[in-house]
Amino acid sequence: MVWNYPDISLEEMMKLIKGFVDIMILASGYQSSGLLAQWDAHNIKKAFQWASFFENVLGQISSSDAYQDSVKELDAALREMTLYPSFPQGLANLSYGTLNRARNFVMAHLFHTLPLRDSHLRAFLTAIIEMDLDKHSGAEHDYLSVYLNRFNLLSERRGLVKDSVIAVEDNIATRKIGRFTDDDLTQLTLEEMFKRQSAVSCISKVGTGLDILSNAIRCCSWTDSDSSLSEEQLKHERAQASVRSADQLVDFITWNRWKSLNLSYFLNNRTVRLVSGASMIFSAPKVYWEQIFERLSTSAKCKDDDDLQEMIELMLLGCITSKWNHLIEYFISVSYDPFTISKLYHEVCSLFTGRYQSSHSKEESTDTKENAILEYLDGLVDGQLHQLWKLSPVLVAVAVPFWSPLFRLYLSEIESQFRGDSSVMRCCSCVHDRKEHGDCQLAERIWCLHIFHICGTRVMYGANSA
């Protein structure tokens, strides 16, 4: 298998492709420095000119059987390039096939990667219209009228003027009636706009539904319809309570409120967006996401506690993206059972006995990505353990495994507060008021740890994929 295309060498072609990749990185909206990239009509035209160049060259190569070895050679070189750890994951689908339709590739990347601000969309449409007009000016006498007639026919067919709801099946009919071809960038642009409109509409509807569900869960309370606590359970609770003088059973209403509040955190629109962002960030090699957080942690802005807290939250969510669905499904399935906080507290503390450590001794090395995040997070939180107490109790419970140093510090603080020792992070006044921990934040945090680390060991340490 040897490159035999005479007009350009494989080395020269790969250099040009790497330059094209740099353009696509800028098209993602950011420079390598992290600053926003400014995209005007001129730069957008240049990107499409590069795309047209690759389409022309690859079209010539693929049109001849004599150059089939060159096709295979280029595809292998592209595959090797995309496997480099430093290659941007958002362009991992770059191949001979995508370069053969490079304008579609550029179009989709510009539309679905960048936030379509008014200025960007205006520059994009300006570039597309100018390029199409330049093309038609050489073939048509009254090229402006021809272009406008085609555009009007396409717009009417797709309901662009009267109806914003676009039917996907109109695509084929539009191409036939409008007599557009792949050379018509206006057609490609409209199709990408419709795709994005449809995607944004779906995401908006899902987000609205998620907000409704989350708010309903957050506001729910124990009503007559909540019949999961039967008369038999009530009798069982009273019977247990009658023989307990020092400890107080946590009632169903308190339990239900804890579950609702923590489940609403999982389903909150903001949390879902953070999970999506964390999944993307931590899919990159460690050296790259470390650079991102180093810049954030050393910036002046991140001296604010709120910014540091958001960084910690993002990293904790990054630890559980692979088992996100399993965690939610398990948490929803948890049912009430009478208990005392004292009992849960002692069972959680027993995680550090030989029995629990030996049964999960291999977990520390199971997920290298999780280990890397926790190692970095351990240094980030150093001396600022109070940041964990600002986060949702359920997030800390599910994201920090018991073998992590962070878990030991977190549990050590819980033990201090449970005993009533002095602490700068006091989260309840139960000991000061000489009453048992029952309906307080400390009790809620102990409950979350117990739900996942004692009752949910399978979902915590056995489910590694969403």
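In this predicted model, the axes of helix α11 and helix α15 come within 11 Å and cross at roughly 160 degrees. Angles over 145 degrees count as roughly antiparallel, so α11 is roughly antiparallel to α15. The crossing of α11 past α15 is left-handed. Helix α15 covers residues 324–333, and helix α11 covers residues 252–267. On the α11 side, the residues that meet α15 are Lys259, Asn262, Leu263, Phe266 and Leu267. Their counterparts in α15 are Trp324, Ile328, Phe331 and Ile332.

Several of these residues also belong to an aromatic cluster. Phe266, Trp324 and Phe331 are among its members. The cluster further includes Phe252, Trp255, Trp258 and Tyr265. Tyr330, Tyr336, Phe339, Trp447 and Phe452 belong to it as well.

The fold around this packing is helical. The protein chain has 22 helices and zero strands. Of its 466 residues, 44% count as buried. Among contacts in the chain with a separation of 6 or more, 77% come from residues 24 or more positions apart.

Aromatic pairs were then searched for across the whole structure, and 27 were found. A pair of aromatic rings is described by the distance of the centres and the angle of the planes. One of the pairs joins Trp255 and Trp447. Their ring centres are 6.4 Å apart, and the planes stand at 80 degrees. Planes over 60 degrees apart count as edge-to-face, so the pair of Trp255 and Trp447 is edge-to-face. Trp255 lies in helix α11, whereas Trp447 lies in helix α21, residues 441–454. The two residues are 192 positions apart in sequence, so their pairing ties together distant parts of the chain. Trp255 and Trp447 are both buried.

A second pair, Phe282 with Phe293, has another geometry. Here the centres are 5.7 Å apart, with 10 degrees between the planes. Planes under 30 degrees apart count as stacked, so the pair of Phe282 and Phe293 is stacked. Phe282 sits in the loop between α12 (269–281) and α13 (286–298). Phe293 lies in helix α13 itself, eleven residues away from Phe282 in sequence. Residues under 20% relative accessible area count as buried. Phe282 has a relative accessible area of 4%, so it is buried. Phe293 has a value of 0%, so it is buried too.

Charged side chains provide further links. The structure holds six salt bridges. One of them joins Arg103 and Glu55, with the closest N and O atoms 3.1 Å apart. Arg103 belongs to helix α5 (residues 102–113), and Glu55 to helix α2 (residues 41–62). The two are 48 residues apart in sequence, so the bridge ties together separate parts of the chain. Both Arg103 and Glu55 are buried.

Two other salt bridges each lie within one helix. Lys286 bridges to Glu290, and their closest N and O atoms are 3.7 Å apart. Both residues are in helix α13, four residues apart, so about one helical turn separates them. Values from 20% to 50% relative accessible area count as partly exposed. Lys286, at 34%, is therefore partly exposed. Glu290, at 23%, is therefore partly exposed as well.

The bridge between Glu347 and Lys343 brings the closest N and O atoms to 2.8 Å. These partners lie in helix α16 (residues 341–349). They are four residues apart, about one turn of the helix. Glu347 has 24% relative accessibility and so counts as partly exposed. Lys343, with 40%, likewise counts as partly exposed. Salt bridges with shared partners also join Lys286 and Glu290 with Glu375 in one network.

Another contrast between sequence and space concerns Ser119. This residue lies in helix α6, residues 118–137. Ser119 has a relative accessible area of 48%, so it is partly exposed. In sequence, Ser119 and Asp40 are 79 residues apart. In space, their C-alpha atoms are 8.4 Å apart.

How values were computed: Residues are numbered from 1 along each chain as its sequence is written. This is a predicted model: local features need pLDDT of at least 70, side-chain atom pairs count only at pLDDT 80 or more; totals for chains, interfaces and linings use all residues. Side-chain values use heavy atoms; hydrogens and water are left out. Rings of Phe, Tyr and Trp (its six-membered ring) pair if their centres lie within 6.5 Å; planes under 30 degrees apart count as stacked, over 60 as edge-to-face and the rest as tilted. Buried means under 20% relative accessible area, exposed over 50%, partly exposed in between (1.4 Å probe, protein chains only). A salt bridge is a side-chain nitrogen of Lys or Arg within 4 Å of a carboxyl oxygen of Asp or Glu. Axes are lines fitted to C-alpha atoms, for helices over the stretch in contact, and angles run from 0 to 180 degrees between N-to-C directions. Angles under 35 degrees count as roughly parallel, over 145 as roughly antiparallel, 65 to 115 as roughly perpendicular and the rest as oblique. A crossing is left-handed if the near helix is turned anticlockwise from the far one by less than a right angle, and right-handed if clockwise. Contact means heavy atoms within 4.5 Å.
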